[in-house]
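Student: Could you take me through one chain of this model closely, and then show how its partner is placed relative to it?

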Protein chains: 2
Amino acid sequence: MDYGFAYGVSSLKPSVIREILKSSGNTIPLAAGNPAPDAFPVDDIKKIVKDVLDSDPVLALQYGITEGYAPLVAELTKLAKNRYGVGTDNDSLIVTSGAQQVMSLTSQCFINNGDCVICEEPSFIGALNCFRSYGARLVGVPVESDGINIEALEEKLKAESNVKFIYTIPNFQNPAGATMSLEKRKALYELAKKYGVMVLEDNPYGDLRVSGSDVAAIKSFDTDGIVIYSGSFSKIVAPGIRVGFVLAPSEVIAKLTVAKQTQDVHTPLISQLIVYKWLTEYDFEGHIEKIRKIYKRKLDLLCGCIDEQLGDFLTYHRPEGGLFVWAKLNDGINMLDFCRKASAAGVSVVPGNAFMTDGDAECQYIRMNFSTPSDEDIVKGVKILGEVARSL
Amino acid sequence: MDYGFAYGVSSLKPSVIREILKSSGNTIPLAAGNPAPDAFPVDDIKKIVKDVLDSDPVLALQYGITEGYAPLVAELTKLAKNRYGVGTDNDSLIVTSGAQQVMSLTSQCFINNGDCVICEEPSFIGALNCFRSYGARLVGVPVESDGINIEALEEKLKAESNVKFIYTIPNFQNPAGATMSLEKRKALYELAKKYGVMVLEDNPYGDLRVSGSDVAAIKSFDTDGIVIYSGSFSKIVAPGIRVGFVLAPSEVIAKLTVAKQTQDVHTPLISQLIVYKWLTEYDFEGHIEKIRKIYKRKLDLLCGCIDEQLGDFLTYHRPEGGLFVWAKLNDGINMLDFCRKASAAGVSVVPGNAFMTDGDAECQYIRMNFSTPSDEDIVKGVKILGEVARSL
C-alpha cells in the first residue's frame, strides 16, 4: 500500500534526540534533556494524589472540560500575571498537555501547507518538527549570546511571504543557552507588529535561572494581541505528568481550545489536580529555590569539567539557567566524528545539526546537558569527551 | 489583528455537545456521553497509584518514550490479539492520549487540505471536527440498523477523489447505536481494498455489549495493511486518565509516533501505569462484567421510559450496547424546537444535526444518553420529554 502521507509528515524524521535516548541505555546521557529526578517534589505529589483520589475520585477520573480544571485555569491566570508579568483582560488561558501541545495547537490553528515560520537558529527540535509536520517552511535567524539577531530577523520578515509567526525561546534558549536582552525583546515585538505576524514565546525554562536577573517576557509588551505565551510545569514539577499552559488573545485561545478538543479532549485530571494543589497548598516557591540550587551546582560542575578537559577544543557561552551548554568545536574537529566517537566511548551528546532548519548544513556545535546525568557521570563523561577530542 | 487561521480551523465550531454540557449545570444530562461514575474502579486505581508512586516515583514522573511505557505496549498488543482478535506481525501499537488522539494523529499524518474523508452519517462529532480541522471534505454515507449502507459507500468511493480513509465505529455507533453486521464489515474491507483507501476503525464502546454477540473487528481481516484500529480505556476504566491505543501497519505507526512526538511527547506515565497495573494485577474482566450489568440496567430503564412516555412521538432501534439511544421524532415535530423546549424544561438532549456532515440540513433525530444521568434522572428526564412532546 502506498500510504500517501500528508505533505508535512511524509518527509518528517523522528526527533534525533529521542532516538539517541531510546538507544543510549548504557551511555552517559549528556544528550538528554530530562530534569534531574531529585528535583521532583515526590513527597508532595504522593500526598496530593492520595488526597485527590480520597476526597473526590469522580472529579479526578471523569471527563473534564477542554479549557482545563477551572480552579487551575484561574490559578494559572493569577500566576501568569503576578509571577511572569503576562496577561491582560484581552487574553485567556487554557491548560495544555505539556508545552509541546502549545506548539501543536498553534501549528494546527495557523499553518497551511507552505506557510513560513521564522525560528531561531539553532532551536528546539520538538517545535521545529511540529511546524514541519504541518508543512511549514522554516526560516532560521541566528541566535547570538544576547538572543536573536534583530537585523537578520527584519531581513527575513521583509523577504518572506505568508509568515505566520516567529518562534522564540527567550530564556536559556534550547539549545543555545542564550537569554534574549530586554532591548532585543522589545525590538522583536516591534518588528512582529510592523510586519503583522504573531509571536510564539516559549518559556519552559524561565524558572531555572541560576545567575543574573529576570528579563521581562515579550508577552508583557503585548498591547496589540499578537503574542502567544507558552508555559510548562515539566521542569519545575515533573515532565511525566504533561502539564503546560498557553496564554494568548482570547480570539486565538478560542481556536486553540477547539483544536485541543480535536487532539485529546482535555489534559488528564490527575495531572491538573497535582499542579493545582501544588501551587495552592504546597511551598512551590521553596521548591523552585531548591531546584535552582541543584541546577546551579550541576551547571558549575559541567562548566568546570569542560574548562579543564575540553578548554583547548571548544568555546561556549556560560548560560544563566536552563539545562544545556551549547559549545562550538574548534575548526579542524569534525563534529559528527566527535559525536560518533563519543558515543562509541560511552558518552552521548547531541550533534548540533539536529537543531538547525537545514540538518544537512555543516555545523560545529554540540549540545551537552547537565540536569539528567549524576554528578559522577558529568565528571566521568566530560573526561571521556576530552580523551575523544585529544584522539581526533 | 486579522489572525489568518489555517483553512480547516477558521470555520470550525466548538463541539455542540461540549458547549451544551458546559452550560447545562442544572439540567438533567441526557445530552452527555460520560461513563457512569459508579463504573469507575476507584478502589483499584487508588491502590495502583499509591503502589506506583511508592515503588518507582521517578518512572511515574520522568519523561517517557513516545510509543508508550514498554510493558504496557506489550500488554496491549497481547490484549488486542487475544481479546479483540486484531494485530499481525506487520502491525505495531502505541499508547495514545485517549482515542481522540488517534483521530488527531491519523488526520495529521494523512490529510492535506481538501482531501476527502468518508464517514458514517451520523457520526461522532469529535472525530468529524478533527478531520475538518485539517481541511478534510467530509462525505457522509448513511448508517442503517446493521451499519453503513454499502451501496452508497461504493458510490462515494467511485465519485470522490483523494479519499484518504473511511471512518467507522462498527460497534454501538455514536450516535446511531447501530452495530455493523459481519457481512457489511467484510464488504467495507473489500471496498477499501478495491479503491485503495485506508479504514479508520474506532472501537471505544466494544466492551460495553449488553445483548447479542460480538462481531469480528474489520481490522481482523486486514491482510493488506489498510486498517488503523483505535481502542480506548475511557469507557472501561475512566475517561479522565486519557488513555487509548492505536494498532496499525508498522509503517503507519512510525508516522503516527512522529506525529505524537509533535503533539504531546508522550501520554502521562501515571495514566499509563494505572492501565498497565489494572490489566495485569486486577480483575479487569470482572470489572467489565460489572459495568455491563450497570449499563444493561440503565439502557433497559431508558428504553422502558421512552416506550412509555415517548412511544407516540418517536421511533428508535434498541442498541446492543454503547451509551446512546438515537431516536427519530415523528414528522410534524420540529426537532430543534423539541430540543430547545426540553432544555428550557430542564432536560438536555443532543439535536441530531450535530452529528451530520452538513449541520444545516434538516434532521429529525435526537441522541439520548443513559450512562451519565442517575436512574432517577432518567425517569424524571424522559417524563419531562414526554410532556414537551405532548405540548408541541
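**Chain A and its copy**

Tutor: Within chain A of this predicted model, 76% of the contacts between residues at least 6 apart in sequence join residues that are at least 24 apart. The chain that makes these contacts is built from 14 helices and 14 strands, and its C-alpha trace extends over about 60 × 55 × 50 Å along the principal axes. For 392 residues, a compact globule would be expected to have a radius of gyration near 21 Å, and because chain A has 21 Å, the value agrees with that expectation. Burial can be stated alongside this: 65% of the 392 residues of chain A count as buried, that is, under 20% relative accessible area.

Turning to the surface, chain A exposes an accessible area of about 13,600 Å², with 49% of it belonging to carbon and sulfur atoms. As for charge, the chain carries 40 positive and 49 negative side chains, and the centres of these two sets lie 2 Å apart.

The partner comes next. A turn of 180°, with a shift of 0.0 Å along the axis, lays chain B on chain A with an RMSD of 0.0 Å, which means that the two chains are related by a two-fold axis. In chain B, the C-alpha nearest this axis belongs to Lys50(B), at 3.6 Å from it. The contact residues follow the same relation, in that 100% of those in chain B recur in chain A, and the same surface thus serves both copies.

Conventions
Residues numbered from 1 in each chain as written. Chains lettered and ligands numbered in written order. Predicted model: local features only at pLDDT ≥ 70, side-chain atom pairs only at ≥ 80, totals over all residues. Heavy atoms only, no water. Helix = DSSP H or I, 4+ residues; strand = E, 2+ residues; numbered from the N terminus. Rg over C-alpha atoms; globule rule 2.2 N^0.38 Å. Buried < 20%, exposed > 50% of the residue type's maximum accessible area, 1.4 Å probe, protein only. Contact = heavy atoms within 4.5 Å. Areas by Shrake-Rupley, 256 points an atom, 1.4 Å probe, with all protein chains shown as cover. Lys, Arg positive; Asp, Glu negative; His and termini not counted. Charge placed at Lys NZ, Arg CZ, Asp CG, Glu CD. Least-squares fit on C-alpha atoms with pLDDT ≥ 70 in both.
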